[in-house]
Amino acid sequence: MPALADRDSILMKNTCFENSLICQPQQRNMYGRIFGGFLMRRAFELAFSTTYAFAGAAPRFVEVDHVDFLKPLDNPAEPLINVEVVAHVTRPEQRSSEVSNKFYFTFTVSPEALGNGLTIRKVVPATEEEARRVLERMDAESSQLGK
């Protein structure tokens, strides 16, 4: 419930950035589909920019979902910032748009930035759907750590 959050919290919907790009022929494979690596790079750049604007300090990449790390990262001196990037394929000539991929990135900021008085606000869901997405991500992360 957003009304019960502390003053250093921000609503999830207020942390969003978006961008659009047109997939040029050089970014497509022989079947006319966008290269996965190109899409992942764009998703990473958007996640990085969003994290930078949210945290107020240059983020340091920690992980992307579906990669196993042997040692979990849980250090209060270096808070984790989870970013979801949803890629839509839009076909203007058909007036259609559909989700093609979802990327989940994790960043942190340096302890030096935090030592200089930088604070990272807590992100709180404003709707039941946002709360459900947060719980799904938490479940996914805990199952990754349990492997």
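Leaving out neighbours within four places in sequence, Thr50 touches two residues, Thr15 and Phe17. Thr50 sits in helix 1, which spans residues 36-55, and it counts as buried because its relative accessible area is 11%, under the 20% cut-off. Keep in mind as you explore that this is a predicted model. Here is a friendly tour of the rest of the chain.

**Overall layout**
- The chain contains three helices and five strands.
- Following the sequence from start to end, you meet these elements in the order β-α-β-β-β-α-β-α.
- Of the contacts with a separation of 6 or more, 67% are between residues 24 or more positions apart.

**Inside and outside**
- The chain has 147 residues, and 23% of them are buried.
- Its accessible surface is about 10800 Å², and carbon and sulfur atoms contribute 54% of that.

**Salt bridges**
- How many salt bridges does the structure hold? There are six, and some of them are described here.
- Within helix 1, Glu45 and Arg41 are four residues apart, or about one turn of the helix. They form a salt bridge whose closest N and O atoms are 2.8 Å apart.
- Glu45 is partly exposed, at 29% relative accessibility, whereas Arg41 is exposed, with 57%.
- Arg42 joins these two residues: Arg41, Arg42 and Glu45 are linked in a network of salt bridges.
- Another salt bridge connects the side chains of Glu84 and Arg133, at 2.8 Å from N to O. This pair ties together distant parts of the chain, with Glu84 in strand 3 (residues 81-91) and Arg133 in helix 3, 49 residues apart.
- Both partners count as partly exposed: Glu84 has a relative accessible area of 28%, and Arg133 has 30%.
- In helix 3, Arg132 and Glu128 also meet through their side chains in a salt bridge, at 3.8 Å from N to O. They are about one helical turn apart because four residues separate their positions in the helix.
- Arg132 is partly exposed at 39%, while Glu128 is exposed at 61%.

**How confident is the model?**
- The average pLDDT of the chain is 79, and 85% of the residues score at least 70.
- Which strand has the highest confidence? Strand 2 (residues 59-64) does, at a mean of 87, while helix 3 (residues 128-145) has the lowest, at 79.
- Over residues 67-73, pLDDT stays under 50, and the model has eight contacts for them beyond four places in sequence.
- Where pLDDT is low, predicted coordinates should not be read in detail.

Terms used. Residues numbered from 1 in each chain as written. Predicted model: local features only at pLDDT ≥ 70, side-chain atom pairs only at ≥ 80, totals over all residues. Heavy atoms only, no water. pLDDT = per-residue confidence, 0-100. Helix = DSSP H or I, 4+ residues; strand = E, 2+ residues; numbered from the N terminus. Contact = heavy atoms within 4.5 Å. Buried < 20%, exposed > 50% of the residue type's maximum accessible area, 1.4 Å probe, protein only. Areas by Shrake-Rupley, 256 points an atom, 1.4 Å probe, with all protein chains shown as cover. Salt bridge = Lys/Arg side-chain N within 4 Å of Asp/Glu carboxyl O.
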